[in-house]
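Welcome, and please take a moment to look over the sequence and the 3D view. We will then walk through the fold together, piece by piece.

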Amino acid sequence: MTVYAKKGMVATSQPLAAQAGLDILKKGGNAIDAAIATAACLTVVEPTSNGIGGDAFALVWTKGKLHGLNASGPAPKGISIEEVKKAGHEKMPKYGWVPVTVPGAPAAWAELSSRFGKLSFEEVLKPAISYAEDGYPLTPILGKYWKRAYEIFKKELKGKEFNAWFETFAPDGRAPEVGELWRSPGHAETLKEIAKTNAESFYRGALAQKMGEASADHGGFLTSDDLAGFYPEWVDPIKVNYRGYDVWEIPPNGQGIVALMALNTLKGFDFTEKESAETYHKQIEAIKLAFVDAKKYVTDPTRMKVSVEGLLSEKYAEERRSLIGVNAIQPEPGRPPRGGTVYLATADEGGNMVSFIQSNYMGFGSGIVVPETGISLQNRGHDFSLDPDHDNALEPGKRTYHTIIPGFLTKEDEAVGPFGVMGGYMQPQGHVQVIMNAIDFHLNPQSTLDAPRWQWIENKKVMVERTVPAHIADELARRGHEVQVAMDSGNFGRGQIIWRDPVTGVLAGGTEARTDGSIAAW
């Protein structure tokens with residue numbers, strides 16, 4: 001059921017993390033403090049999806065304005081296409097030190113705290129430290145993905161550089177079971193150091209030195225100098241107006257623009273019912289046209305060859321919309337005018353709201369853990385291309401195309417609230433489906449998330465959940481879509497929503513049945 005509350009709400013994919021955020025609200029913290037506490041806690045209680053060594057993005061609504069924070073780190077200064085190929089790789093690898101980019105999450109927490117927080121940074125990190133020190137029992141979906149990751153890593157990760165991952169996350173020579181207690185003392189000590197130094201140690205102190213030394217020991221490209229040069233960036237969020245609502249995303253290098261481009265295309269059609277083949281067909285066609293553009297053009301914004309304004313222009317939306325007919329198309333990039341993840345949402349009684357997302361990418365990420373620190377490093381660099389002519393080609397100090405995206409909805413300059421759907425390339429597809437469920441089909445937050453989902457994979461291939469009516473799947477197949485029915489809903493994203501009534505201030509929250517989702521409220 002949709003959860004209603006007045007004084008505060010935290011929605012995320014893990015009950016202990018949601019409760020940690022609520023505890024901070026009850027101590028007098030605001031929605032920003034609660035978001036930081038929840039995010040830090042998630043690195044401990046859901047390590048299958050994120051970690052201290054990942055990236056983060058945030059949309060923060062406070063005092064009637066929306067602020068964007070991009071805390072995605074760049075590639076190391078010493079890396080290059082030539083060096084990666086010299087190491088024997090024809091494409092960017094998934095595991096090891098090569099795809100490791102500078103982690104941005106700790107800097108995001110510290111920056112949010114210093115600019116908008118009410119409580120001390122040390123206070124908001126206490127719940128995460130406690131769970132890392134004392135341990136916690138694994139929840140069902142967490143246990144499932146932990147075991148899956150362990151089985152994959154046992155086959156794939158062979159070098160000494162991976163020993164610390166197994167020592168940290170499989171201390172008994174196996175993945176911990178559902179309901180079994182797991183603790184990480186090294187993780188706790190690292191969080192204490194981050195809390196005490198306002199994350200300075202992580203970038204310009206003892207922790208940075210440990211990461212640099214571990215990288216050097218195994219031939220990695222990341223150095224302490226790379227860490228020292230990193231600061232998160234405040235950015236202006238981008239939007240499109242969809243049927244009277246403004247839908248907001250972080251600008252590139254994130255892929256939130258995919259959702260906005262698709263919605264910009266879809267707003268030219270009329271939709272009368274959600275569960276119809278016509279609705280599914282048009283949604284799928286719009287998202288794949290947006291995706292092929294983004295995969296061609298989106299990268300570090302300082303290196304993009306087309307403008308965000310061009311990609312989101314009405315004229316370009318009309319051009320892309322004209323390509324959508326009765327049958328499935330093979331998508332090709334257009335010519336625009338030139339110029340594994342956790343999500344959480346928080347809200348407080350004062351009207352502050354946060355849409356926050358962080359990730360190690362592909363579950364546990366690179367398989368690299370810095371010894372005795374609990375710092376599990378992301379493999380975000382895997383998305384770089386080793387083709388020097390590609391817009392997202394690997395370059396020293398460059399930020400890659402990024403999958404994690406927080407969303408926010410406003411109407412007539414009033415906050416409606418934060419929303420997000422985690423899960424790699426499913427994220428913008430989830431955003432489109434969530435927004436249309438809420439706006440076009442008038443579903444409440446919980447029904448919006450519970451509704452059957454589809455996912456475009458590539459070319460004409462589409463996966464649908466088992467809950468999609470069979471006659472719709474059949475009709476999509478007749479229209480030329482290559483439809484596969486998924487037996488597991490884990491690949492269709494895991495989202496959270498908090499909507500706020502602008503008159504009463506009452507909060508309405510929804511969370512996912514596809515994960516260990518939880519809403520803590522008062």
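Let us begin at strand 11 (residues 353-359): 7 of its 7 residues are buried, so this strand is largely enclosed by the rest of the structure. Buried means under 20% relative accessible area, while exposed means over 50% and partly exposed lies in between, using a 1.4 Å probe and protein chains only. Strands (E, at least two residues) and helices (H or I, at least four residues) are DSSP runs, numbered from the N terminus. The model you are looking at is predicted, so its local features need pLDDT of at least 70 and side-chain atom pairs count only at pLDDT 80 or more, whereas totals for chains, interfaces and linings use all residues. Residues are numbered from 1 along each chain as its sequence is written, and side-chain values use heavy atoms, with hydrogens and water left out.

Which way do the residues of strand 11 point? Met-353, Ser-355, Ile-357 and Ser-359 point one way, Val-354, Phe-356 and Gln-358 point the other way, and all are buried. Strand 11 runs antiparallel to strand 3 (residues 55-62), and 7 bridges join the two; two strands count as paired if DSSP finds at least two bridges between them. Here Leu-59 stands opposite Ser-355. Strand 11 also pairs with strand 10 (residues 342-348) in the antiparallel sense, over 6 bridges, and Ala-347 stands opposite Met-353. The hairpin of strand 10 and strand 11 has 4 residues between the strands, and Gly-351 takes a positive phi near 95° there.

Now turn to an open sheet. Its 7 strands come in the order 1-20-19-15-14-9-8, with antiparallel pairing. Strand 1 (3-5) and strand 8 (238-242) stand at the edges with a single partner strand each, so one side of each is left without a neighbour in the sheet. From one strand to the next, the twist averages 20°. Within this sheet, strand 19 (residues 494-500) and strand 20 (residues 507-510) run antiparallel and are joined by 4 bridges, and Ile-498 stands opposite Gly-509 in strand 20.

Helices pack on this sheet too. Helix 12 (residues 256-266) touches strand 8 and strand 9 (245-249), and its direction makes about 25° with that of strand 8. Axes are lines fitted to C-alpha atoms, for helices over the stretch in contact, and angles run from 0 to 180 degrees between N-to-C directions. Helix 16 (residues 426-439) lies across strand 8, strand 9, strand 14 (407-411), strand 15 (414-422) and strand 19, running at about 140° to strand 15. Is helix 12 enclosed or open to the outside? In helix 12, 11 of the 11 residues are buried, so this helix is largely enclosed by the rest of the structure. What covers these buried residues includes strand 8, strand 9, helix 13 (277-297), helix 14 (308-311), helix 15 (314-321) and helix 16.

Inside strand 14 you will find Thr-410, which is buried with a relative accessible area of 3%. Its side chain makes a polar contact with the side chain of Trp-248 (2.9 Å). A polar contact is a pair of N or O atoms within 3.5 Å; within protein, one must be able to donate a hydrogen and the other to accept it, and residues adjacent in sequence count only if both atoms are side-chain atoms. Not counting residues up to four places away in sequence, Thr-410 touches Trp-61, Tyr-245, Asp-246, Trp-248, Ala-415 and Val-416, where contact means heavy atoms within 4.5 Å.

What about the nonpolar interior? The largest nonpolar core has 97 residues, and those with the most contacts inside it are Trp-109, Leu-125, Trp-146, Ile-194 and Phe-356. Helix 2 (residues 31-45) gives the largest share of this core, 11 residues. Such a core is a set of buried Ala, Val, Leu, Ile, Met, Phe, Trp, Tyr and Cys residues joined through side-chain atoms within 4.5 Å. A second, separate core of 55 residues includes Val-247, Leu-289, Ala-294 and Ile-439.

Finally, look at helix 8 (residues 185-197), where Ile-194 is one of the buried residues. What covers the buried residues of helix 8 includes helix 2, helix 4 (105-116) and helix 5 (121-134). Asn-198 follows helix 8 and has a positive phi, near 55°.
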